[in-house]
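Let's take a friendly look at one protein model, starting with its open spaces and then turning to its strands.

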Amino acid sequence: MTQKKEQIYDEKFLTDLFKNKNMEFFVEESMAIRELMTYYECAIMEVETKFNVLNKEFSLRHDRNPIETIKSRLKSVEGIIEKTNRKGIPFSSQNVEKYLTDIAGVRVICAFPKDIYAIRESFLAQDDIFLIEEKDYIQNPKPNGYRSLHLIVETPIFLHDSKKMMKVEVQFRTIAMDFWASLEHRIYYKKGKNDRELKSELKDCAEISANLDLKMQGIRERLDED
């Protein structure tokens, strides 16, 4: 199941953004941003298709689906500008494509931790997927307890007269990891960032969640042996 993608750009927003520029710049850069966001959307579709194929093939071999859900998101232009400002990068379509790696995002929710690494290996083995960066927050959780496997990859999209390499951020989580991360985000930012007791409780919940993953995986392995 694919999560509905948010609006990738807003006409009035782009008009306001470039209102102090000359008309030629406005036309060229507005078109470039629209084109770039469409390319990112195409890259998401390419990556989603790869995971759907892997899930189907795994099901044929092992009689179960390792991937529970595939979610995707395309960062809004407003969010992109906020990030370029935060990083001190002048906003332009060229700088966005060069310096930002999380415009297009795909999240793969797996049943068990071992499934994450199995799907990761198969995904990266494909000859049109190029790994740029990997951060394993499952083996090395963040201080707050966050667990996930993050990849930045580059993959081609095929246009009518050429192909273009696009970056996509891929996150792998188990159901439990995704549940914890979603609730942690809601609770943490509603309550406030400086509540030490809350931070401690959320980290404890992350540990409980991780232990649950391992216990459920152990049960699954015993069933497979039988």
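How much space lies in the largest pocket? About 1,000 Å³, and keep in mind that this is a predicted model.

## Around the pocket

So who sits around that space? The largest pocket is lined by 29 residues, and R107, Y146, H150, Q171 and R173 are the closest to its centre. Sorted by character, the lining has 11 charged residues, nine polar ones and nine nonpolar ones.

The lining draws on several parts of the chain: β1, β2, β3, β4, β5 and α6 (175-191) each chip in at least two residues. The biggest giver is α6, which supplies seven residues to the lining.

## The sheet

Now for the strands. In general, strands of a sheet pair through backbone hydrogen bonds, and they can do this parallel or antiparallel.

Here, five strands make an open sheet with mixed pairing, in the order β1-β2-β5-β4-β3. Since β1 (67-74) and β3 (130-136) are at the edges with a single partner strand each, one side of each is left without a neighbour in the sheet. Going from one strand to the next, the twist averages 25 degrees.

## One edge and a helix

Take a look at β3 and its partner, β4 (residues 149-158): they run antiparallel and are joined by six bridges. One residue to find is D136, whose bridge partner in β4 is L149.

Helix α5 (residues 113-124) packs on the sheet, where it touches β1, β2 (104-110), β3, β4 and β5 (163-174). The direction of α5 makes about 30 degrees with that of β4.

Notes. Residues are numbered from 1 along each chain as its sequence is written. This is a predicted model: local features need pLDDT of at least 70, side-chain atom pairs count only at pLDDT 80 or more; totals for chains, interfaces and linings use all residues. Side-chain values use heavy atoms; hydrogens and water are left out. Two strands pair if DSSP finds at least two bridges between them. Helices (H or I, at least four residues) and strands (E, at least two) are DSSP runs, numbered from the N terminus. Axes are lines fitted to C-alpha atoms, for helices over the stretch in contact, and angles run from 0 to 180 degrees between N-to-C directions. Contact means heavy atoms within 4.5 Å. On a 1 Å grid over the protein atoms alone, a cavity is a set of points where a 1.4 Å probe fits but cannot get out, and a pocket is an open set with protein on both sides within 12 Å along at least five of seven lines; lining residues have an atom within 4 Å of a point. Grid points are joined across faces, edges and corners, and a volume is the space filled by probe spheres set on the points. Ala, Val, Leu, Ile, Met, Phe, Trp, Tyr, Cys and Pro count as nonpolar, Asp, Glu, Lys and Arg as charged, and the others, Gly among them, as polar.
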